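Trainee: I would like a close look at one loop residue in this model, with an account of its backbone and its burial. Please carry on from there to the other parts that help to place it.

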Amino acid sequence: MASFDTDAIAAKRVFEVPFSGIRKVFDKVNALVAEGRDVIHWQIGRSDFDTPAHIKAGAAESLERGDVHYAPSMGVPPLRKAIAARTEIDTGVEVQWDTQTIVMAGANEGILCAVMAFVNPGDEVIIPDPNWHHYKSIVSLAGGVAVEVATKEENDFALLAEDVEKVITPRTKIICITSPSNPTGTTVPESELAKLAELAKKHNLLVLSDEIYARIYHEGDCAPSIYSQPGMAERTIIINGFSKVFSMDGWRLGWTIASPELTRHLLRVRQYTTVCVNTFIQHGAAKGLTEDQGPIDEMLNAFTERSKVIYEGLRSIEGMTVAKPTGAFYAFPNVKNFGESSQEVADYLLGEHAIATIAGSVFGPAGEGYIRIAYSCSKEDCERGVERLASALEAKNKAGA
Ligand SMILES: Cc1ncc(COP(=O)(O)O)c(C=O)c1O
């Protein structure tokens, strides 16, 4: 129909970034729901809780007060002070709110600004495989090269320093760590973070530490951070945000923590991305960090309870193995005994049994043979889900025998 060839005119970088494989599952799930099927919703990588009431009230009050104009590019002071204080609790490292924090439009903008600020065309960024697919695409948009390092189930999918060292070249700029991980739900132990820190210092690399799930940690209050390792505060950019812990993914609110020098470079980029985040939502979020922590603790405890149901349930399925989910709200069971590929297993589970998961291959080559279960649904649905999964896989194996 159109005579204007938009593919010919589009920038080359557009073709470097795929449409998300996860979206396709959402479309299929919506079709099943429209048919009236009882779907186990394990596909969505977001919290199922509402945003706590005092945060909503804080944003509404701010709006009512007339906070409708541009905020400072780095964010409103009450929120930045609260973010610095929270980071000090979580990492044990002193953080200056006025020089080391920037409020971002979600963790994703923090990653975008970091990559735009530090990656030149051809520079290499090391990322764990499997990974949250945005790192790869953002690096591609900047003209950089994402170098995936395979992680293994037997090491709880931790990014190992010895594997990272093998791929370091003179073009390597950044090591990217996601702990706890999307999609595996596992955490890099402190002993390995210490080795990765030594490597970063030895090769003069920057570390991008995505800690958006750090407080959804089932083994304590907060997962260990590489920022706490000696000498790492000057070469680490922490990426964090409100989406997961505070159930605020639709608000688009996150932050970066970095040295004053690194932060100045991030700010140069951020001035031209979203300029600043909506003023009134920043005031609401500040309340989330400083006032009633009860509803947040309740959500965090619920995720830990569900992780136990999921882990015990998956472990009891014959032919299945699973690394213990220690953080976030994901489990990444091994389904190699149940089909040709992770995509085939995920398609079977959704098509035949209305269990919505994501094929591990969507998250990188090392994800092949696994499926991602996002247990951001009620404990009862987790229980129902593992029962249905067990019988679905038993039926599949019988049919194949
Ligand atoms: C590892 C990881 N980092 C960052 C994000 C995005 O966070 P935000 O909503 O704050 O942009 C996600 C969302 O799924 C994620 O899984």
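Mentor: Ser 247 sits in the loop between β7 (236–241) and β8 (254–257). The model is predicted, and every value that follows is computed from it. The phi of Ser 247 is positive, about 55°, although the residue is not a glycine. Is Ser 247 buried or exposed? Ser 247 has 22 C-beta neighbours inside 10 Å, and therefore counts as buried; the cut-off for burial is 20 or more.

Asp 156 can be described in the same terms. This residue is in the loop between β4 (145–150) and α8. Asp 156 is not a glycine either, and its phi is positive at about 55°. Its count is 20 C-beta neighbours inside 10 Å, so Asp 156 is classed as buried.

Two other loops contain a cis peptide bond. One such bond runs from Asp 129 to Pro 130, with omega near 5°. Pro 130 belongs to the loop between β3 (124–129) and α7 (134–141). The other joins Asn 182 to Pro 183, and here omega is about 25°. Pro 183 is part of the loop between β5 and α9.

Asn 182 leads on to the ligand. The ligand is surrounded by 13 residues, and Asn 182 is among the closest, together with Gly 106, Ala 107, Asn 108 and Gly 241. By type, that shell consists of eight polar, three nonpolar and two charged residues.

Next comes the helix on the far end of the loop that holds Pro 183, namely α9. Helix α9 takes in residues 190–202, 13 in number, and at 1.5 Å a residue it should span 18 Å; its end C-alpha atoms are 18 Å apart, so the two values agree. Its buried residues are Glu 192, Leu 193, Leu 196, Ala 197 and Ala 200. Viewed down the axis of α9, these residues fall within an arc of 145°, which means that they line one face of the helix. The general background is that an α-helix has 3.6 residues a turn, so residues three or four places apart point the same way. Ser 191 and Lys 202, on the other side of α9, are exposed. The elements that cover the buried residues of α9 include α8 (161–167), β5 (172–178) and β6 (206–210). α8 has already appeared at one end of the loop that holds Asp 156. After α9 comes Asn 204, with a positive phi near 55°.

A second helix can be read in the same way. Helix α3 covers residues 53–65, and its 13 residues reach 18 Å from the first C-alpha to the last, close to the 18 Å expected at 1.5 Å a residue. Ile 55, Gly 58, Ala 59 and Ser 62 are its buried residues. They cover an arc of only 95° around the axis, so they are on the same side of α3. Ala 53 and Glu 64 lie on the other side and are exposed. Just after α3, Gly 66 has a positive phi of about 100°.

What do the buried residues of α3 pack against? Their partner is α11. Lys 287 lies in that helix, which is made up of residues 279–290. Leaving aside residues up to four places away in sequence, Lys 287 touches His 54, Ile 55 and Gly 58. Ile 55 and Gly 58 are two of the buried residues of α3. Lys 287 itself counts as buried, because 21 C-beta neighbours lie inside 10 Å. A residue elsewhere in the chain is Gly 36: it is 251 residues from Lys 287 along the chain, and their C-alpha atoms are separated by 40 Å.

Last, the domains. The domain assignment splits the chain into domain 1 (10–50 + 295–396) and domain 2 (67–290). Their C-alpha centres are 25 Å apart. Domain 1 gives 34 residues to the contact, and domain 2 gives 34 residues. On the side of domain 1 that touches domain 2, the elements giving two or more residues are α12 (294–315) and β9 (330–331). The most comes from α12, with six residues. The residues on that side of domain 1 comprise 16 nonpolar, 12 polar and six charged.

Terms used: Residues numbered from 1 in each chain as written. Predicted model: local features only at pLDDT ≥ 70, side-chain atom pairs only at ≥ 80, totals over all residues. Near = placed C-beta within 6 Å. Nonpolar A, V, L, I, M, F, W, Y, C, P; charged D, E, K, R; others polar. Helix = DSSP H or I, 4+ residues; strand = E, 2+ residues; numbered from the N terminus. Expected span 1.5 Å × (residues − 1). Buried ≥ 20, exposed ≤ 12 C-beta atoms within 10 Å, placed from the backbone. Arc of directions from axis to C-beta. Contact = placed C-beta atoms within 7 Å. Domains from an automatic or database assignment.
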